[in-house]
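Thanks for coming, everyone. Please have a look at the structure on the screen before we start.

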Amino acid sequence: MVRPANFGYNAQTATNNSFQNSEGATNYEVIKAQAQAEFEGLATLLREAGVNVVIVEDSPHPIKPDAVFPNNWVSFHADGQVFLYPMYAENRRLERRHEVVESLNAKFEVNNIIDLSLHEADNRFLEGTGSMIIDREHQVIYACISPRTNESLFYQYCDAIDYQPVAFRSVDRSGSDIYHTNVVMALGETFVVICMETVKNEPERELLYQCFEDTAKEVIEITLEQLEHFAGNMLQVRNTQGDTFLVMSEQAFKSLNSTQIAQITEHTTILQTPLYTIEMYGGGSARCMLAELFLPKR
């Protein structure tokens, strides 16, 4: 997790993130303080559940309003590889800090850093585990194609790490591409939370259902309205005792009905915390704030 120094509304990302809201965005200091409090709340919630949390400080300069969302610019893999990703918004590219990766060397093995940011010059973007939902056990990657998730680059990535690509398109109420896959679906070890009504193409829906069946995932469907309350932006994590938790915001939790909650709790324990400020101005939620560390420990 990256503790935000200057969280705020980012006009550069709002061009294709319909979840962001600019109302009251000029109250910089209030918004920054509220976001920092929400960040501490999530970090504390995870630690109290026994989850190992590594917190990195955002550098105060240059100002990076979305630094609280590290999963878009970096991913850490079990073979010691680290990927750095090409970002759509120019001011988000400032979040790619090599010193952050280097700081992990004390506890984790970093064998290779693959920097894909050169694709920004060609306007080809692939925003980490915002763009891609990775099923590491079955070596499958899901991605909804959008201005932030370039289809050809996605296939190249899957080919490079020898994972099966599953590409589809998801649209919001206005018919625009939904900017990140991780607001459409959340993949657990034995289940998937997904908003299928955003996937308008029938063959693509059938492909998704088939993949979930092949990988033994119970499908827990959410509505478009629930997606708009960040009910797709969740992440399953594991604590040091081996227990699993599905991390989500309070807003996402409150949008779920009793049947969906019962389905989820058959598989895992729910952890939820208020993230209203980060959701409103950043257009992302709990999952976006977490970059999983799969690197081998030293």
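I will go through the cores, the aromatic pairs, the sheets, the cysteines and some unusual backbone spots.

First, the ground rules. This is a predicted model, so local features need pLDDT of at least 70, side-chain atom pairs count only at pLDDT 80 or more, and totals for chains, interfaces and linings use all residues. Residues are numbered from 1 along each chain as its sequence is written, and side-chain values use heavy atoms, with hydrogens and water left out.

Let's start inside. A nonpolar core here is a set of buried Ala, Val, Leu, Ile, Met, Phe, Trp, Tyr and Cys residues joined through side-chain atoms within 4.5 Å. Buried means under 20% relative accessible area, exposed means over 50%, and partly exposed is in between, with a 1.4 Å probe and protein chains only. Why look for such cores? In soluble globular proteins, nonpolar side chains tend to be buried together.

The largest nonpolar core has 37 residues. Tyr142, Met185, Leu208 and Phe212 have the most contacts inside it. Which elements feed this core? At least two residues each come from strand 7 (140–144), strand 8 (164–168), strand 9 (185–187), strand 10 (191–194), helix 5 (202–214), helix 6 (224–227) and strand 13 (244–249). Strand 10 gives the most, with four residues. A word on naming: helices (H or I, at least four residues) and strands (E, at least two) are DSSP runs, numbered from the N terminus. Another core lies apart from this one. That core has 27 residues, among them Phe39, Val53, Tyr281 and Cys288.

Now the rings. Rings of Phe, Tyr and Trp (its six-membered ring) pair if their centres lie within 6.5 Å; planes under 30 degrees apart are stacked, over 60 edge-to-face, and the rest tilted. The whole structure has eight aromatic pairs. One of them joins phenylalanine 19 and phenylalanine 230. This pair is tilted, at 5.2 Å centre to centre and 45° between the planes. Phenylalanine 19 sits in the loop between strand 1 (2–3) and helix 1 (28–48), and phenylalanine 230 in the loop between helix 6 and strand 12 (235–238), so the pair ties together parts that are 211 residues apart in sequence. Are these two rings buried or exposed? Phenylalanine 19 is buried at 13% relative accessibility, and phenylalanine 230 is buried at 4%. Ring pairs also link Phe19, Tyr179 and Phe230 into a cluster.

Phenylalanine 83 and tyrosine 85 make a stacked pair, 6.3 Å centre to centre with 25° between the planes. Both phenylalanine 83 and tyrosine 85 are buried.

On to the sheets. Two strands pair if DSSP finds at least two bridges between them. One open sheet has three strands in the order 12-13-14, with mixed pairing. Strand 12 and strand 14 (269–273) are the edges, each with a single partner strand, so one side of each has no neighbour in the sheet. Strand 13 and strand 14 pair in the parallel sense over five bridges. Valine 247 stands opposite leucine 271 in strand 14.

Another open sheet of three strands has the order 3-4-5, also with mixed pairing. Its edge strands are strand 3 and strand 5, each pairing on one side only. Strand 4 (residues 81–84) pairs with strand 5 in the parallel sense over four bridges. Here valine 82 stands opposite isoleucine 113 in strand 5.

Next, the cysteines. How many disulfides does a search of the whole structure find? Zero. The cut-off is a pair of cysteine sulfur atoms within 2.5 Å. For cysteine 144, the closest cysteine sulfur is in cysteine 195, at 11 Å, too far for a bond. For cysteine 288, the closest is in cysteine 144, at 12 Å, again too far. Cysteine 144 is buried at 0% relative accessibility, and cysteine 288 is buried at 2%.

Last, the backbone. Most residues other than glycine have a negative phi, and most peptide bonds are trans. The bond from histidine 61 to proline 62 is cis, with omega near -5°. Proline 62 is in the loop between strand 2 (56–57) and strand 3 (74–76). Asparagine 123 has a positive phi, near 55°, and is exposed at 55% relative accessibility. Alanine 216 has a positive phi too, near 60°. Alanine 216 lies in the loop between helix 5 and strand 11 (218–221) and is exposed at 59%.
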